Amino acid sequence: MNVLMFGWEFPPNISGGLGTACYGIVKGLTACDDIKVTFVVPKAYGDEQPANIRLISADNVSIGSRTLLSEGCTSVTTLEVPSKLVPYLTPESFIARYQTSSEFKETSPTEVTQESIKLNFSGKYGPNLFEEINNYAIVARTIAQSNEFEVIHAHDWLTFPAAIAAKHVSGKPLVIHIHSTDFDRSGGSINPVIYDIEKQGMEEADQIITVSNLIKKRLVEQYRIPSGKITTVYNAIGPDSDGTNSEVKKRSKQKTVTFLGRITIQKGPEYFVEVARLVINQMKNVHFVMAGNGEMRNRIVELCAMYGIGDRFHFAGFLSGKEVPEVLRRSDIFIMPSVSEPFGIVPLEAMHANVPVIISLQSGVSELIRNVIKTDFWDVHAMADAVHGILKHRKLSKALISEGKIEVSKLSWELVAFQIRDVYLNSIKQAS
Amino acid sequence: MKNICLYFQIHHPFSFQTFRFIEVGKSKSYYDDFRIEREIQDAVTKSYLPVNDFLLKLIHQSKGKLKLSFYISGTALDQFLMYAPMVLSSFRQLADTGQIEFLGGTASHSIASLAKRGDEFIHQIKLNKERMEYYFGQKPLVFVNTDLLFTNQVGKLVAESGYPMIITNGAKKILQWRSPNYIYSSENQKKINILFRNEVISNELTFLLSNPKALKKPEGMEQLFSTLQTIRPEEPLANIYLNYLTLGGFGRVEKLLFFQTFVSKITKNGTFSFSLPTELSKEFGPVTQIGTDEPICWSEHFHSSYFPGNTLQVDALTQLFKLKKQTGTLGNANLQIDWQYLQTSDHFHLMDENHPAYLDNGSNGGIYKSKYDAYINYMNILEDFSQRLKAEEARKKFKPKIDRPIQNSKRTLANHQHHPIYE
């Protein structure tokens, strides 16, 4: 079975769980003998060496192809499409991202690719996200015409128009994979255009994969999608995520409680501060670390100052892929107080790195794992209580660590791929 | 003649309410009074009162042929006294027929038998014995340990407390090839006889009673009787041990009709009869000795080798019984009561991930989402309790020297308000 997959760039160039998930799924799929993946990724260029990109296609489409998965993953062909798309874009942030660079776009590689794609662009290439998505769809159409495949698999809304175009050209069944919806990303104030694109993608799709029942419910309720065509496939973590070489942690008197993620409303950073306040008032030798960046950062700093806990509340800033496991390993507790989290892969990584985990019940991952402490995101007292309990009772933290580790080690991307394979087969059966 | 002993267990714990670490030392009550009252009232009106009435009629109808045994846990007894004293008179009525035997237990459905030292266990047995005698006018002769827990050590301590018999679960683990339908004696304490709950028959009857569909079909009763026929003629007794709530609640009318048919079939059948364990012990002696050091038990949701439990349970238990020494000498009634209720096994059951409360991802309305929550809450309460113990000790030391108002009077007053019944 050949799969045409519209996905996202792999690590280390990732800004969130989407890239990690795509990487894991593709890796898992390569373990299935009967599946071959043609992987299409948008490639934000400019920082990329043009020499890397090789023309492999006729039809005036300039597409780069290179092997991303070298270790034994021969069944994946990767096609890189020059595009400015990155995960988690909103029209506003897109403008912010590219506005500044638009002045020198005449000389930038943008021009070059525009020529090599030879599509009818308006000439003026303003920072318009939706235009970019449409361009991507046009490229996708060409790719669909020139490649052999049985099923199309697309990840999140930015790729939906491309996937739909590919479906229309080829007539092959479409599987879309929802890692998050606009409701999750925007914290409620959705963009109607994005909503339309998402809904259209879901309606065009033959099968839908969601990363949790939470998202499945949202699709049924907010997008009016029949639950019959939605399958929940939880994410996993790979054995090589990190922690394999983690030595035994030194037990120091100073305890660290960590928050890791974008400091945005849906991640619930202010609840973390409330928890910190409650705990710091009662316990000595506890420090709270907030790693990440985001639009709410300044507000959180102000909040800390207001509570007067600045001496024990630290901001670590944005962490690169390599630093994440290191910070996790140094933590005594990891908290994810997300208001809305479609899945949330970091708790799994924390469990893998021998860290007790507290997560909100409003996260998809809470459906999957048992050996963590779950509270409502707003229930700061319960969260503070859990922090206090874990730090105070060594038996509790030991039980969380050892049982959590066992639980996480049972997850694998191969099992995820196996479930996805079933969805592929279903969609092919339906289409024929 | 095959003797059937029917035992009914009645137990309601004093469930805790959410107790945060910031509330430690702030005189907050440990118990979820609203929930406790709701649950006990629900059980009383939908099960205990109507079922007791029904059984009373049935006993009179059967002309002395129906005999039943009841185990009422100490905490359930306390709750009856607080919220529904009429249930006690209803049980007294049953007791007055002379066809009812009440079994003894621990004072608060306690797992004190798992503690390293036996003193608390013996203390609890003694307390309960006095209360059972006072409220039901019977000296209990058969001991029911919490969750039917049994080890050689338990047998020894129970024998020392003056009980001639104990009932435990007829788990394969201890019986192996042996039959549960005999009386055995304990390996290291020959004075005490052991009765075994017949797992197969008890579970089948429970299953039938909790399935309204199965009740209506005649096959259910046939199946039950064919299981009863597996008791061999030479075997003296079969112990059927159920939760009393299975006879009441939803679909009570059908259940009671079924039970009535069951009783009349047995009394009319020439080969079966109902008996009380004390009567049987006079008739039959132990066939052989049996024993185990690995705990065996029975509780509705857990397997027979559930105890001593996981790391969290063991830790909570160890921390709890570390306080035993301090509680021994205290005269404060509130502290004594809290000390007893802290030992109730249900709190420890909740520290297991297989507890039915956690089946549905914690969305069942209980206060705990996982075993970890249960542990944290319990430890917070324990911390508060231990602080109160220290304060009480300090107060006692302080008192004789200086004659002036007690420093901690405010706290003691607040505690009194939680347990009006124990004034």
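The domain assignment of chain B yields domain 1 (2-290) and domain 2 (311-422), with bounds taken from an automatic or database domain assignment. The model is a predicted one, in which local features need pLDDT of at least 70 and side-chain atom pairs count only at pLDDT 80 or more, while totals for chains, interfaces and linings use all residues. Residues are numbered from 1 along each chain as its sequence is written, and chains are lettered from A and ligands numbered from 1 in the order in which they are written.

Between the C-alpha centres of domain 1 of chain B and domain 2 of chain B there are 27 Å. Contact between these domains involves 27 residues of domain 1 of chain B and 24 residues of domain 2 of chain B, two residues being in contact if their C-beta atoms, placed from the backbone, lie within 7 Å. On the domain 1 side, helix α2 (residues 74-83) of chain B gives the most, with 3 residues. Helices (H or I, at least four residues) and strands (E, at least two) are DSSP runs, numbered from the N terminus. The domain 1 side that touches domain 2 of chain B has 14 nonpolar, 10 polar and 3 charged residues; here Ala, Val, Leu, Ile, Met, Phe, Trp, Tyr, Cys and Pro count as nonpolar, Asp, Glu, Lys and Arg as charged, and the others, Gly among them, as polar.

Turning to chain A, the assignment gives domain 1 (2-236 + 413-431) and domain 2 (255-409). Their contact takes 18 residues from domain 1 of chain A and 10 residues from domain 2 of chain A. At least two residues of the domain 1 side come from each of α1 (17-30), α6 (182-186) and α8 (213-222) of chain A. That side divides into 8 nonpolar, 8 polar and 2 charged residues.

Also in chain A, the axes of helix α9 (residues 269-282) and helix α10 (residues 297-307) come within 10 Å and cross at roughly 20°. α9(A) is therefore roughly parallel to α10(A), a term for angles under 35 degrees. The contact joins A:Pro269, A:Glu270, A:Val273 and A:Arg277 of α9(A) to A:Ile300, A:Leu303, A:Cys304 and A:Tyr307 of α10(A). By class, this contact has 6 nonpolar, no polar and 2 charged residues.

Between the chains, 17 residues of chain B are in contact with 18 residues of chain A. On the chain B side, α12 (311-321) and α16 (371-398) are the elements that give two or more residues, and α16(B) provides the largest share, 6 residues. The chain B side has 7 nonpolar, 5 polar and 5 charged residues.

Methods
Axes are lines fitted to C-alpha atoms, for helices over the stretch in contact, and angles run from 0 to 180 degrees between N-to-C directions. Angles under 35 degrees count as roughly parallel, over 145 as roughly antiparallel, 65 to 115 as roughly perpendicular and the rest as oblique.
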